[in-house]
Amino acid sequence: MSKRRNIRDIECVTIEYEGSNYDVVVGMDVEEVEEVFVVDGDTDISPVMRKSVIDWMLEKAVEEIHWLENQPLFVDMNQREREIEGI
């Protein structure tokens, strides 16, 4: 997870998932995945991905972004509660 680019209020980090690397573009205003690309690819694959995988990638990407910026990580406990309850 070493690749990182800044694009206005968007951050991009490389995440490894099941043996492959993906560039995950995160809109930082609302912390949501904007696009997902296979590394060195130019096609956004997020429309065909499972929501659970996108959510996992978002969590890992936000952790990496905060770590790179030496910021404390804010954990949305409301989101965690919804995940636990299956909502």
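A residue counts as buried under 20% relative accessible area, as exposed over 50%, and as partly exposed in between. With that scale in mind, the tour below goes through a predicted model.

**The whole chain**

Begin with the complete protein chain in a cartoon view. Two helices and four strands are present, and their order along the sequence is β-β-β-β-α-α. Of the 87 residues in the protein chain, 30% are buried. The accessible surface amounts to about 6200 Å², and carbon and sulfur atoms account for 49% of that area. Among contacts between residues at least 6 apart in sequence, 28% join residues at least 24 apart.

**Helix H1**

Next, select residues 51-68, which form helix H1. This helix has 18 residues and spans 25 Å from its first C-alpha to its last, close to the 26 Å expected at 1.5 Å a residue. Now display the side chains. Which residues of H1 are buried? They are Val53, Ile54, Met57, Leu58, Ala61, Val62, Glu64, Ile65 and His66. To see what lies against them, add strand S2 (residues 10-17), strand S3 (20-27) and strand S4 (32-38) to the selection. The buried residues of H1 pack against these three strands, S2, S3 and S4. Before leaving the helix, look just after its end, where Asn70 takes a positive phi of about 55°.

**The salt bridges of H1**

The structure holds two salt bridges. For one of them, select Lys51 and Asp55, whose side chains meet at 2.8 Å, N to O. Both residues belong to helix H1 and are four residues apart, about one turn of the helix. Lys51 is exposed because its relative accessible area is 58%, whereas Asp55, at 30%, is partly exposed.

Then move to Lys60 and Glu63, which form a salt bridge with an N to O distance of 3.9 Å. This pair also lies in helix H1, with the two residues three apart, again about one turn of the helix. Lys60 has a relative accessibility of 26% and so counts as partly exposed; Glu63, with a relative accessible area of 29%, is likewise partly exposed. A general point helps in reading such spacings: an α-helix has 3.6 residues a turn, so residues three or four places apart point the same way.

**The aromatic pair**

Select the aromatic side chains next. How many aromatic pairs are there? The count comes to one aromatic pair. Its members are Tyr17 and Trp56, with ring centres 5.4 Å apart and planes at 50°, a tilted arrangement. The pair connects distant parts of the chain: Tyr17 is in strand S2 and Trp56 in helix H1, 39 residues apart. Is Tyr17 buried or exposed? Tyr17 is buried, since its relative accessible area of 19% falls under 20%. Trp56 is partly exposed because its relative accessibility is 31%, a value between the 20% and 50% limits.

**The loop between S4 and H1**

For the last stop, select Ile45, which lies in the loop joining S4 to H1. Ile45 counts as partly exposed because its relative accessibility is 22%. Show its surroundings: leaving aside residues up to four places away in sequence, Ile45 touches Tyr22, Val36 and Val38. Finally, place a distance label between the C-alpha atoms of Ile45 and Glu35; they are separated by 7.2 Å, although the two residues are 10 residues apart along the chain.

Terms used:
Residues numbered from 1 in each chain as written. Predicted model: local features only at pLDDT ≥ 70, side-chain atom pairs only at ≥ 80, totals over all residues. Heavy atoms only, no water. Phe/Tyr/Trp six-rings, centres within 6.5 Å; stacked < 30°, edge-to-face > 60°. Buried < 20%, exposed > 50% of the residue type's maximum accessible area, 1.4 Å probe, protein only. Expected span 1.5 Å × (residues − 1). Contact = heavy atoms within 4.5 Å. Areas by Shrake-Rupley, 256 points an atom, 1.4 Å probe, with all protein chains shown as cover. Salt bridge = Lys/Arg side-chain N within 4 Å of Asp/Glu carboxyl O.
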